[in-house]
Structure formats: C-alpha cells, structure tokens
Amino acid sequence: MILDTDTALIHTLQQAIEILGTFAFAISGIRHAAAKQFDWFGGYVCGFAVAIGGGTIRDVMLGVTPFWMTTPLYVVCTGLALLAVIVFGRWMRRLDNAWFVFDTLGLALFTIAGIQKTAALGHPFWAAVIMGCITGAAGGVIRDVLLNNVPVVFHKEIYAMASVVGGLVYWLSVTLNFSATVAVVATFLTVCAIRFVAVRYHISLPTLRGEKNTQD
C-alpha cells in the first residue's frame, strides 16, 4: 500500500508539493510564452495551463474535484510566478536553460503529488505511478500545444520516463517501510537526476523508424 500511516503528514506534504509544483511549472510555462513574445495575459494563461493541466486530468480520472477549484491559492500562485518573470525577467534571461530547471522541478514535484493523491484514494501502486506520470508530464504537453511546438515528452531528451522511474522509487521506498519524507526526497532527487543527466549527456530513448512520405 503506497500510503504512510501518518495521514496528516501526507496531507501536509501533498499540499506543499502541489504549491511548489504549481509555482515551478507556472514559471516554466511563462518563460516559454515569453520566448514566443506573448503578452502578460497570454503568459499567465500559458503558465496556468501548465501548472494545473496534469493535476486536472489526474483528478478527473480519479473522480474528484480538481485540486485548483477548491482554493484560489493556485490562481494566486500563478500570478506570483508571472510577477517574478516580469520583475526578474532580465536576470532570468542571463541564466542558460533557466526554464529547464523550473520545468524539471515541476515534473518532480507533481509526480510526487500525483502518486500520493492516487495512493491516498486506495488505488494500487501501478495506477499511482501512471497518475504520477500524467500529473507531472501532461502540463508540459498542454504548454507545447499552446505554443505550437512538438511536445517534448514525445521526442528529444528523456522526460516522462524520468517520472515513471521516480514513481517506482517512491513505491520501493514505501515498500521498504521508509517514511513518507524519505520517499518524497528519494523520488524528487531521482527525477531531477535523470533529467539533468539525460540532457547533459544527450541521452534519449530510441526513435521509431517509419516509412518516409513519398510524392507521386
């Protein structure tokens, strides 16, 4: 069972993780929107869609009220992310791949949130791992669709697989009777490490080879 006996601790961790994940993903989405020269409203919409997209799909599939509809905190959090990009935009532009760091943090945090929420509802570990992946990766797909880009989850460096491996680490940690805190930290570090190493050394999954289109 992927659930620590300390329910209060799980709930507190889940809320903190979802807030941090929202902020990280919102900044990632807004940074991408800025690269496409969106206006402030467009940047907010893109950031909000990234931040709540994966969690919304998860909650709908689990049959519960989407997390961001229960409190205005996530709407405000996205607004703060937009403000941070506006105020510190020039400083952020000086950092190479700053968006990548925030995107990776969001992926790791939302993967954990998805696993914990699914497990808390009594679903098996394999379902929790899948829901963790959806929570972490679906927001990035929505972002790329809004920005008219090929979703990064389908090509380039390892993305969704980092979430899946992180989910397996979470399950293994709980199976070995480690605390929820240890499971969270181990999962977070695993997802981040896989992403950073994959990008640093250009590691990716094999691509499919199909027939080339031919013209008559």
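**Entry 1: the H6/H7 pair.** I began with how two helices sit together, and H6 and H7 turn out to be roughly antiparallel to each other. This is a predicted model, so I keep that in mind throughout. I looked up the numbers behind the pairing: helix H7 covers residues 180–200, and H6 packs against H7 at an angle of about 155°. Their axes lie 8 Å apart. Angles over 145 degrees count as roughly antiparallel, so the label follows. I also noted the handedness: the crossing of H6 and H7 is right-handed.

**Entry 2: H6 by itself.** Next I checked the length of H6, which runs over residues 160–175. At 1.5 Å a residue, its 16 residues should span 22 Å, and the end C-alpha atoms are 23 Å apart, which agrees. Then I asked myself: which residues of H6 are buried? I found Ala-160, Ala-162, Ser-163, Gly-166, Gly-167, Tyr-170, Ser-173 and Val-174. Looking down the axis of H6, I see these buried residues within an arc of 150°, so they line one face of the helix. A handy reminder for my bench notes: an α-helix has 3.6 residues a turn, so residues three or four places apart point the same way. After H6 comes Asn-177, and I wrote down its positive phi, near 65°.

**Entry 3: a partner for Tyr-170.** Last, I followed Tyr-170, one of the buried residues of H6. What does the side chain of Tyr-170 make a polar contact with? The partner is the side chain of Gln-116, at 3.4 Å. I placed Gln-116 in helix H4, residues 98–120. Gln-116 has a relative accessible area of 2%, so I list it as buried.

Methods: Residues numbered from 1 in each chain as written. Predicted model: local features only at pLDDT ≥ 70, side-chain atom pairs only at ≥ 80, totals over all residues. Heavy atoms only, no water. Helix = DSSP H or I, 4+ residues; strand = E, 2+ residues; numbered from the N terminus. Buried < 20%, exposed > 50% of the residue type's maximum accessible area, 1.4 Å probe, protein only. Polar contact = N/O pair within 3.5 Å; in protein donor to acceptor, adjacent residues only side chain to side chain. Expected span 1.5 Å × (residues − 1). Arc of directions from axis to C-beta. Axes fitted to C-alpha atoms, helices over the stretch in contact; angles between N-to-C directions. Parallel < 35°, antiparallel > 145°, perpendicular 65-115°, else oblique. Left-handed = near helix turned anticlockwise from the far one by under 90°.
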